[in-house]
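Me: I have a model open and would like to understand the words people use for it. Could you take me through the reasoning behind them?

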Amino acid sequence: MQNATGTVLAKSVGAVTVLTLNRPDSLNAIDGVMAKELQSYVGQVARDRHCRCLILVGAGRGFCSGQALPSTAEEEIPEDIEGLIRERYVPIVTGVRNLSIPVLAAVNGVATGAGFSLALAADIRVASEAAWFSCGFANIGLIPDAGATYFLPRFLGLPRSIQLALSGERISAEAAHQLGVVARVYPPESFEQDYLQFAQELASGPTAAFGRTKQALLASLESNFDQQLQREAELQQASSRTDDFREGLRAFREGRPPQFRGR
């Protein structure tokens, strides 16, 4: 998958697909065109059997500053905000969340509003030391959307989530790391190299099992204990029939690192 033009740039690095939000002059604010392109690429990734990890990153100084807002008084504000959210953001965050491969948000700069939500929709977040996060919605009199009210209480608990949502405070990369929102923080000068290496490590793992692991963990948020035990048994049965499981056993017996293929 290669595309060097547009509001979303796509490239493949081995088994890793990198989607770069490409409106750097607006800190990669999401407009209608970008939303459609991002939906399309996430759909392509879902169908691509060769892709074993997806990276979301931003061009320039920002990851994503959220919804593109009217910059002058003459620009009209959409009347059907509900429809806009359903049309643009629900397919994006649902598509990202439902991917069976690992999704890594590489947050290189500002991630605010719907951009923060997009980062939260990924499975794992890494950040440049220069990055920062904010709900941001309260600053313009709106509520968090694009999944933020779902993700934040599950990541941070209710009290901290309410504080962040109401205050609109900025969270540094290091603070986000301490909160557990960010897995790793990298220096800006080596950020691209570092996040690509991390993604390639994920892509070389048993990605079929990773997909089932994600499925089980996400379902646990809505399941009771007995339901989850049954789900684990069913998903483990499916995992035990994969080539990766057989390779893992062979590697264990032979005392060597496994060479997983994601199937």
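Me: Which residues have the most contacts inside the largest nonpolar core?

Reply: Happy to help, and please keep in mind that this is a predicted model. The residues with the most contacts there are Leu19, Leu38, Leu56, Phe63, Val107 and Phe133, in a core of 50 residues.

Me: What makes such a set a nonpolar core?

Reply: Its members must be buried residues of nonpolar kinds, such as Leu, Phe and Val, joined through side-chain atoms within 4.5 Å. In soluble globular proteins, nonpolar side chains tend to be buried together.

Me: Which residues is Leu56 in contact with, leaving aside its neighbours within four places in sequence?

Reply: Leu56 is in contact with Leu19, Leu38, Phe63, Val96, Val103, Leu104, Ala105, Ala106 and Leu118. Apart from this core lies another one, of 16 residues, which includes Ile55, Tyr186, Tyr195 and Leu202.

Me: Why is Ala131 called buried?

Reply: Buried means under 20% relative accessible area. Ala131 has 4%, so it is buried. You will find Ala131 in the loop between strand 7 (124-128) and strand 8. Leaving aside its neighbours within four places in sequence, Ala131 is in contact with Val107, Asn108, Gly109, Ser172 and Ala173. Ala173 is 42 residues away from Ala131 along the chain, yet their C-alpha atoms are separated by 5.4 Å.

Me: And why does Glu192 count as partly exposed?

Reply: Partly exposed covers the range between the 20% limit for buried and the 50% limit for exposed. Glu192 has a relative accessibility of 43%, and therefore counts as partly exposed. Glu192 is in helix 7 (residues 191-203). From its C-alpha atom to that of Gly248, 56 residues apart along the chain, the separation is 30 Å.

Me: Which residues make the nonpolar surface patch of about 300 Å²?

Reply: Leu69, Ile140 and Leu142 make that patch. Of these, Leu142 sits in the loop between strand 8 (132-134) and helix 4 (148-156).

Me: How do you know that the radius of gyration of the chain agrees with a compact globule?

Reply: For 263 residues, a compact globule would have a radius of gyration near 18 Å; the chain has 19 Å, so the two agree. The C-alpha atoms fill a box of roughly 70 × 45 × 35 Å along the principal axes.

Me: How many helices and strands does the chain have, and what share of its residues count as buried?

Reply: The chain has ten helices and ten strands, and 43% of its 263 residues count as buried.

Methods: Residues are numbered from 1 along each chain as its sequence is written. This is a predicted model: local features need pLDDT of at least 70, side-chain atom pairs count only at pLDDT 80 or more; totals for chains, interfaces and linings use all residues. Side-chain values use heavy atoms; hydrogens and water are left out. Buried means under 20% relative accessible area, exposed over 50%, partly exposed in between (1.4 Å probe, protein chains only). Contact means heavy atoms within 4.5 Å. Patches are made of residues with over 30% relative accessible area and no salt bridge: like charges are joined within 9 Å, nonpolar side chains (Val, Leu, Ile, Met, Phe, Trp, Tyr) within 5 Å. Accessible areas come from the Shrake-Rupley method with a 1.4 Å probe; for residues, only the protein chains shown count as cover. A salt bridge is a side-chain nitrogen of Lys or Arg within 4 Å of a carboxyl oxygen of Asp or Glu. Helices (H or I, at least four residues) and strands (E, at least two) are DSSP runs, numbered from the N terminus. The radius of gyration is taken over C-alpha atoms; the globule rule is 2.2 Å times the number of residues to the power 0.38.
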